[in-house]
Amino acid sequence: MRLLVIPNDPLYRYAAKGVLKERYFNPCDMFDEVHVLSLAERDEAAEAAQVLAGRASVHLHAVGRPGLRSWPAVRRRALELARRIAPDLVRGYNPLLMGYLTVLCARAAGAVSVVSVHADYSLARNVRIFGPRFLFSPRGLYQCAQHVLGYSRTTLTGADHVICAYRFPTRWVGRWRSEGVSVIYNRVDLERFRPAENRPADSSLLRVLNVGRQLEGKDPEPILRAVAQDRRLELTLVGDGPRHAHLMALAAGLGASDRIVFRPSVMHSDLPEVYRSHDIFAMSITHPGVCIPVLEAAASGLPVVINRPLWEPEPEVVGALAEVVDNSAAGYAAAFSRLIDDSGYRRSRGAALRELSQSYSGAAMEQAECELYNRLLAERAARTA
């Protein structure tokens, strides 16, 4: 069987970030051939493609970068490629331009189309998070254009199936469709992300970890301020972004640079050990849903401290077991103090989250995706018989 994939980014960007999960494009190695349609002038990340494609033979096809002038040619090349390859299934990894091409390519080839929703594309919620200037940012202008051109409508009404990476996007997707929608969480490998076998004995100094882009909507400033005021804590901030320089200056200004470590980049292969070398995971996020680092922290057996969400009654997946706080330095400080003072409670929360993560294991999510593909392909075969 053949699969045509239209990823969210060219594969050289996946490789540069080190975000490579085995068989991510080819669950359970069900496809013999995986073709990657890359929206770039060149994409020579063959090794990355092979990891993502598993045991399948993999083929990279760069069809050009979309622009106001180049878009017609890019679209034509994509459709010609789909007709030539004749895939059984086309998978796109966002519901905007990539999803639009997914639906068109699947129609051209007579294939099944599946589109992912990995983020919140509601303009109203993004304006609340980032302010009115979001509409004039590159990302905001891009999303507005997709809505105006009708690409998101074509994607979400035309795809055979939509996979949401968490529950919250189902509300946005529900504006266009009520059936053919599944929730399959991002895969976390429980063999790699697991608790430390021999955690250090309890001490008065605990290590707090935050992983994520440092930008509005995911700004760890309240976490940093909480750690700065409690000399029993250390903090590691893994990530980079527009707020990075501000956070470094803030740590120095608060006299806490000796207890706050900045790691702008960590290869995904090295992340499991980073989690295992810490005691608490903390996240400040106004975006809805559950982000991958929270799932990784749960799999690693770390207690999670996270703020109350804006649009949900509690944080998705981990809400009942996390320390849910106000998104303020005082809120995080109170939770950290409780976890420091009660080591038994800290260990029990981490163990409970590890147990919870079993239900969202990478193997379970991969199997769910494989079963969905098989069902959709069987339905297509029955229709064309």
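This text walks through one β-α-β unit and then the internal cavities of a predicted model. Local features need pLDDT of at least 70, side-chain atom pairs count only at pLDDT 80 or more, and totals for chains, interfaces and linings use all residues. Residues are numbered from 1 along each chain as its sequence is written, and side-chain values use heavy atoms, with hydrogens and water left out.

Start at strand β9 (residues 233-238). Strands (E, at least two residues) and helices (H or I, at least four) are DSSP runs, numbered from the N terminus. β9 pairs with β10 in the parallel sense, over four bridges; pairing takes at least two DSSP bridges. L237 stands opposite F262 in β10. Helix α10 (residues 244-253) joins β9 and β10 in a right-handed β-α-β unit. Right-handed means that, with the strands pointing away from the viewer, the path from the first strand over the helix to the second runs clockwise.

Now follow β10 (residues 260-263). I260 and F262 point to one face and are buried (under 20% relative accessible area, 1.4 Å probe, protein chains only). V261 and R263 point to the other face and are not buried.

Turn to the cavities. A cavity is a set of points, on a 1 Å grid over the protein atoms alone, where a 1.4 Å probe fits but cannot get out; lining residues have an atom within 4 Å of a point. There are five cavities of 30 Å³ or more. The largest holds about 130 Å³. Of its 13 lining residues, R91, H118, I184, Y185 and E369 are the closest to its centre. The second largest cavity has about 60 Å³. Its lining includes V188, L295 and Y360. Helices α12 (292-299) and α14 (343-357) each give two or more residues to that lining.

Methods. Buried < 20%, exposed > 50% of the residue type's maximum accessible area, 1.4 Å probe, protein only. 1 Å grid on protein atoms, 1.4 Å probe; cavity = no way out; pocket = protein on both sides within 12 Å on 5 of 7 lines; lining within 4 Å. Points joined across faces, edges and corners; volume = space filled by probe spheres on them.
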